[in-house]
Number of protein chains: 2
Amino acid sequence: MKIYQYPSKDQWAELTQRPVLQKQEISKTIANIFSLVETNGDAALLELSKKFDAEINNISVSKEEIERAYEMINEDLKKAIQQAKENISVFHASQKEEVQKIETTKEVICWRESRAIEKVGIYIPGGTAPLFSTVLMLAVPAQLAGCKEIVLCTPPDKYGNINPAILYAAQLCGVTQLFKVGGAQAIAAMTLGTESIPQVYKIFGPGNQYVVAAKEYAQQYGVSIDMPAGPSEVLVIADEKAVPSFCAADLLSQAEHGSDSQVIFLTTSLSVLNETIREIDEQIKLLPRNEMAQQSLNNSHFILLDTIEKAIEFSNLYAPEHLILATENFEKYIPDIQNAGSVFLGNYSCESAGDYASGTNHTLPTNGFAKNYSGVSLDSFVKKITFQHVSKKGLKNLGKTIEIMAQAEGLAAHKNAVTIRLKKNI
Amino acid sequence: MKIYQYPSKDQWAELTQRPVLQKQEISKTIANIFSLVETNGDAALLELSKKFDAEINNISVSKEEIERAYEMINEDLKKAIQQAKENISVFHASQKEEVQKIETTKEVICWRESRAIEKVGIYIPGGTAPLFSTVLMLAVPAQLAGCKEIVLCTPPDKYGNINPAILYAAQLCGVTQLFKVGGAQAIAAMTLGTESIPQVYKIFGPGNQYVVAAKEYAQQYGVSIDMPAGPSEVLVIADEKAVPSFCAADLLSQAEHGSDSQVIFLTTSLSVLNETIREIDEQIKLLPRNEMAQQSLNNSHFILLDTIEKAIEFSNLYAPEHLILATENFEKYIPDIQNAGSVFLGNYSCESAGDYASGTNHTLPTNGFAKNYSGVSLDSFVKKITFQHVSKKGLKNLGKTIEIMAQAEGLAAHKNAVTIRLKKNI
């Protein structure tokens with residue numbers, strides 16, 4: 001944990017720097033896996049599963065497994081997942097765009113219509129946390145958008161099973177095909193298609209460095225991906241009215257994600273700074289993942305600044321995935337927030353609300369990508385097609401302009417497509 | 001030109017295939033150029049300009065050059081550019097999103113706000129056509145979005161000058177910095193920054209294979225790009241009421257772009273098919289770029305199908321950049337169009353209308369990318385940030401759901417961020 005009091009602006013560039021990610025040279029491994037999957041299809045997936053996850057006979061999930069999952073989940077968890085699903089649905093449905101026909105010139109009508117990306121793939125990692133919440137965050141907007149095929153791949157545990165909450169969430173949110181496949185081979189399978197797994201047009205979801213590298217690699221095949229990936233991060237801005245125990249809890253909820261998680265705390269109050277650190281020391285003791293959280297905190301920055309305005313400026317430079325504004329009168333700072341993935345306003349808007357259930361998406365740009373990427377939304381699952389209808393009169397109104405411009409660009413056939421129409425008397 | 005009559009569906013996969021692009025091994029060249037620009041900045045740009053474009057002393061454009069450009073352009077072209085700009089502005093302004101606050105659970109309020117990507121780069125190629133229309137298509141939405149820095153790079157001609165129409169359009173549309181730099185080095189400069197050229201967050205615009213490869217390479221530095229690139233293409237669907245001379249003109253206006261342009265013609269009428277081919281043979285004679293057009297036509301497909309419905313199905317499989325629907329009752333086919341960049345409806349909606357002046361954007365997904373990418377729009381120049389405000393009561397309403405889900409994912413600190421707030425009596 002590094003503490004800075006009123007660092008000068010010269011230091012900001014360094015303080016907003018992310019730790020350099022050790023990009024291991026795994027591109028050969030990834031290329032190999034793609035080649036194996038391309039050649040041997042499902043058989044390659046079973047072989048790789050045996051090596052990395054579990055020995056299974058079938059990558060498909062049986063009806064019985066799904067039924068069993070329903071029985072294994074208690075009613076409280078089912079209700080919680082349903083409420084989260086409902087909120088995510090309501091918020092993402094509000095992102096549907098009305099068709100607006102615009103007459104740009106008399107009788108020249110232009111508009112956009114959204115169409116679902118027909119086939120999408122969702123990757124859900126295995127590992128220490130069964131991320132069924134990510135199933136909701138990706139499958140709910142996919143279903144709302146109208147994607148016809150929603151393919152989900154997730155690795156089986158060592159007994160060959162998938163976490164029942166993942167199965168339950170997948171069923172609830174309209175996943176159309178679900179497979180027990182993990183790692184880079186899952187990405188390869190959704191990119192190339194196998195006997196069982198359909199080829200998709202866009203792949204979503206988090207994963208380890210192999211999955212991330214495989215998603216990058218998949219783009220060479222024309223597949224698109226949700227966004228580039230990096231470790232998760234939060235930046236908390238607190239004034240003197242902030243509650244240190246809340247701030248500490250939010251910082252820890254980020255830190256427990258992994259040892260490479262980024263945590264930044266900016267405050268205008270020395271006592272809030274000191275109290276928050278004290279609270280962290282207390283709260284961390286009770287956490288099962290406290291070692292991971294401690295490692296992450298070792299690299300964190302706690303910074304005292306003069307004003308909230310300066311803190312916002314710092315935050316814009318850092319472009320955090322999550323920004324918590326634990327200040328009074330937070331409304332007045334909103335227009336100044338330029339770069340952030342998702343913003344949590346006031347003392348009771350904890351990051352975990354957005355992580356699970358408030359309705360916003362938790363798939364967000366990390367690693368400074370909030371400067372040029374949005375988080376996942378309904379938009380991520382559609383293309384917007386432009387349409388235009390130009391009547392004969394409309395072309396008369398616009399034709400000369402097109403002809404002059406085409407001529408000036410030296411594109412005679414472009415000009416002629418107008419001229420020939422204006423001449424024709426039909 | 002290849003003609004197919006009622007090909008069976010088995011053949012469609014092959015007929016909708018793009019020619020395989022010869023991706024030359026230029027990655028070393030690109031890496032070298034990036035390294036040169038990183039090390040030597042402006043000096044590297046001048047040196048590379050001398051090698052590829054022109055010997056110049058300064059990559060900046062002087063006031064005098066801009067004034068001269070204003071004088072060199074005739075009033076008709078100025079007016080045409082202004083009308084096009086107006087239409088593009090009106091259409092793209094309609095894409096601004098209203099902020100909609102959604103109460104997903106009582107006292108849990110979520111919404112999105114758009115923020116401009118602060119620094120964007122536009123690349124405009126030199127070569128055979130001075131694409132000032134592309135300046136409009138990229139700078140107009142950038143300015144509407146509120147991008148603070150709009151940097152434009154374009155190569156000088158052999159005399160060290162920039163086409164006056166490009167200078168005029170850039171001035172008119174709020175480009176903030178304009179540089180005489182072309183090729184991969186322009187992309188490297190906007191990615192890395194030099195003494196003169198600012199580093200940007202997102203790069204837009206067409207270019208040759210070096211530019212395309214450089215844009216791909218730039219992404220490794222965290223820069224995002226508009227979309228992957230391929231040769232331009234049109235698919236025309238014509239019924240028996242279509243006008244063969246119009247169809248021919250549209251196909252030729254695509255074919256003149258370059259020898260690798262893609263042209264596909266689908267019709268339900270043998271006589272329209274034959275007449276269109278006859279018209280092409282006539283019209284092509286008059287084109288200055290007829291050799292290029294002929295080469296492109298050599299690879300084109302002319303296909304007779306039973307029904308317009310089948311033609312739409314074929315088109316969805318091909319996912320054309322431009323789709324012209326030269327049919328009666330085109331409205332009824334609109335809902336079935338799934339994959340296309342931009343659609344032109346009826347006999348008078350020629351592609352050049354959208355290329356220049358109707359208001360829609362002409363930067364569109366090629367090479368089948370219309371399956372998973374949208375064309376450039378106002379959205380391309382903003383990020384959408386989610387916000388949420390959860391009141392104390394709101395957290396009471398939602399808290400249990402968050403706690404149960406966090407617990408089930410094994411993330412105790414996520415749960416604790418809620419628990420600690422619900423317990424606190426402030």
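This report covers the domains, the chain symmetry and the recorded binding-site residues of a predicted model.

Local features need pLDDT of at least 70 and side-chain atom pairs pLDDT 80 or more, while totals for chains, interfaces and linings use all residues. Residues are numbered from 1 along each chain as written, chains are lettered from A in the order written, and side-chain values use heavy atoms, without hydrogens and water.

An automatic or database assignment divides chain A into domain 1 (2-19 + 231-359), domain 2 (23-225) and domain 3 (391-422). The C-alpha centres of domains 1 and 3 of chain A are 57 Å apart.

A turn of 180° with a shift of 0.0 Å along the axis lays chain B on chain A at an RMSD of 0.0 Å (least squares on C-alpha atoms of residues with pLDDT of at least 70 in both copies). This is the relation of a two-fold axis.

The unreviewed UniProt entry lists under "binding site" Ser232(A), Gln254(A), His257(A), His322(A), Asp355(A), Glu409(A) and His414(A); such annotations may be inferred rather than shown by experiment. The farthest two C-alpha atoms are 55.8 Å apart, so these residues do not all gather at one spot.

Two of them are tabulated by relative accessible area (1.4 Å probe, protein chains only; buried under 20%, exposed over 50%, partly exposed in between).

| Residue | Relative accessible area | Class |
|---|---|---|
| Ser232(A) | 17% | buried |
| His257(A) | 32% | partly exposed |

The side chains of Ser232(A) and Gln254(A) make a polar contact at 2.6 Å (N or O atoms within 3.5 Å, one able to donate a hydrogen and the other to accept it; residues adjacent in sequence count only if both atoms are side-chain atoms). Contacts of His257(A) (heavy atoms within 4.5 Å) beyond four places in sequence include Ser232(A), Leu411(B) and His414(B).
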